[in-house]
Amino acid sequence: MKKIVLVTGASSGIGQATAVRLAREGHHLVIGARREDRLAAVAESIRNKGGSVEVHPLDVTDRADVTRFADTAAERHGRVDVIVNNAGVMPLSRLDSLLVDEWERMIDVNVRGLLHGIAAALPHFQRQGGGHFVTVASIGAHGVVPTAAVYCATKYAAWAITEGLRLELDPSIRVTTISPGVVESELADTITEPGAQEAMRAYRADSIPPEAIADAIAYAIGRPPEVDVNEMIIRPARQR
Ligand SMILES: NC(=O)c1ccc[n+]([C@@H]2O[C@H](COP(=O)([O-])OP(=O)(O)OC[C@H]3O[C@@H](n4cnc5c(N)ncnc54)[C@H](OP(=O)(O)O)[C@@H]3O)[C@@H](O)[C@H]2O)c1
């Protein structure tokens with residue numbers, strides 16, 4: 001069945017690969033992020049392959065922006081079937097570097113942005129009597145490593161919020177947490193602390209393409225309505 005699928009952070013990496021993959025499966029994609037030129041390029045590549053997509057520039061830290069994202073899609077298409085809350089940032093650093101602005105940025109995008117996505121889609125899911133939340137968390141939701149305390153905290157929060165949704169909501173609404181390991185993307189580009197940059201270069205030597213995560217998301221979305229894939233961890237086979 002063709003679904004109306006919203007993806008945040010679709011201008012690069014995992015969000016882009018997910019949009020491309022789901023469009024290939026015949027779903028209609030509504031893709032959001034801040035970089036409009038990059039969103040337009042993703043949309044063009046989807047349309048060139050016969051896919052159906054619309055672009056909706058947004059900043060997930062702005063609640064009104066994210067509300068409009070879901071409301072506009074619902075007005076145009078009569079429903080919203082899936083929201084993939086994927087947008088995230090990862091400016092890693094040691095706590096004693098006191099890069100407080102970067103801590104706050106991670107909380108704003110990775111936690112508040114997720115909450116804004118949930119608040120935007122939930123009324124539509126409840127009105128329709130169905131829907132699917134997909135949260136892109138991280139293996140950072142399952143363990144802490146040095147330089148990643150705040151990032152991991154935001155991903156533990158994403159995991160907890162998504163699990164809370166699963167427990168509280170009507171079973172007609174499905175809930176999936178996707179926890180990637182090291183994936184090729186632009187995520188590490190936001191690191192400003194030299195020590196964390198160096199550590200990340202070594203840590204990210206073995207990585208898997210974002211399409212591996214898109215495959216997992218497509219699998220969860222593609223199960224029948226009574227099957228709820230709650231969590232998947234997908235990491236490079238070499239990653240420990
Ligand atoms: N790559 C990995 O190894 C890995 C591992 C575990 C989890 N993850 C998670 O996967 C998700 C996607 O990351 P990625 O690896 O694909 O990195 P990426 O290539 O840097 O993509 C991040 C996406 O988030 C968007 N974004 C950032 N801030 C935003 C904001 N304020 N409003 C709207 N969109 C925003 C970016 O778009 P704009 O800049 O255009 O807004 C971009 O599309 C993140 O949640 C990340 O934590 C990644």
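User: At what angle do helix α1 and helix α2 pack, and how far apart are their axes?

Analyst: This is a predicted model. In it, helix α1 (residues 13–24) packs against helix α2 (residues 36–48) at an angle of about 25°, and their axes are 10 Å apart.

User: Parallel or antiparallel, then?

Analyst: Roughly parallel, because angles under 35 degrees count that way. The α1 and α2 crossing is right-handed.

User: Which residues make that contact?

Analyst: From α1 you have Gln16, Ala19, Val20 and Ala23, and from α2 Val42, Ser45 and Ile46. Sorted by class, the contact of α1 with α2 has 5 nonpolar residues, 2 polar ones and no charged ones.

User: Switching to the ligand. How many residues surround it, and which are the closest?

Analyst: The ligand is surrounded by 31 residues, and the closest are Gly9, Gly13, Arg34, Gly88 and Ser185.

User: Which element gives the largest share of that shell?

Analyst: That's α1, with 3 residues.

User: And how does the shell divide by class?

Analyst: Around the ligand there are 15 nonpolar, 11 polar and 5 charged residues.

User: Back to helices. How do α4 and α5 cross?

Analyst: Helix α4 (residues 100–128) and helix α5 (residues 149–168) cross at roughly 15°, and their axes come within 9 Å. That angle makes α4 roughly parallel to α5. Their crossing is right-handed.

User: Which side chains should I click on there, I mean which residues meet?

Analyst: On the α4 side, pick Trp103, Met106, Ile107, Asn110, Val111, Leu114, Leu115 and Ile118. They meet Val150, Tyr151, Thr154, Lys155, Ala157, Ala158, Ile161 and Leu165 in α5. By class, the contact of α4 with α5 has 13 nonpolar, 2 polar and 1 charged residues.

User: What about α3 against α4, what's the angle and the distance between axes?

Analyst: Helix α3 (residues 63–77) packs with α4 at an angle of about 30°, with the axes 8 Å apart. So α3 is roughly parallel to α4. The handedness of the α3 and α4 crossing is right-handed.

User: Who's in that contact?

Analyst: α3 brings Arg63, Val66, Thr67, Phe69, Ala70 and Ala74, while α4 brings His116, Gly117, Ala120, Ala121 and His124. In the contact of α3 with α4, 6 residues are nonpolar, 4 are polar and 1 is charged.

User: Last thing, what's the mean pLDDT of the protein?

Analyst: The mean pLDDT is 96, and 100% of the residues reach 70 or more.

User: Which elements have the lowest and the highest mean pLDDT?

Analyst: Helix α6 (residues 194–203) has the lowest, with a mean of 84, and strand β4 (residues 82–85) has the highest, at 99.

Technical notes. Residues are numbered from 1 along each chain as its sequence is written. This is a predicted model: local features need pLDDT of at least 70, side-chain atom pairs count only at pLDDT 80 or more; totals for chains, interfaces and linings use all residues. pLDDT is the predictor's confidence in each residue, from 0 to 100. Helices (H or I, at least four residues) and strands (E, at least two) are DSSP runs, numbered from the N terminus. Axes are lines fitted to C-alpha atoms, for helices over the stretch in contact, and angles run from 0 to 180 degrees between N-to-C directions. A crossing is left-handed if the near helix is turned anticlockwise from the far one by less than a right angle, and right-handed if clockwise. Two residues are in contact if their C-beta atoms, placed from the backbone, lie within 7 Å. Ala, Val, Leu, Ile, Met, Phe, Trp, Tyr, Cys and Pro count as nonpolar, Asp, Glu, Lys and Arg as charged, and the others, Gly among them, as polar. A residue is near a molecule or strand if its C-beta atom, placed from the backbone, lies within 6 Å of it. Angles under 35 degrees count as roughly parallel, over 145 as roughly antiparallel, 65 to 115 as roughly perpendicular and the rest as oblique.
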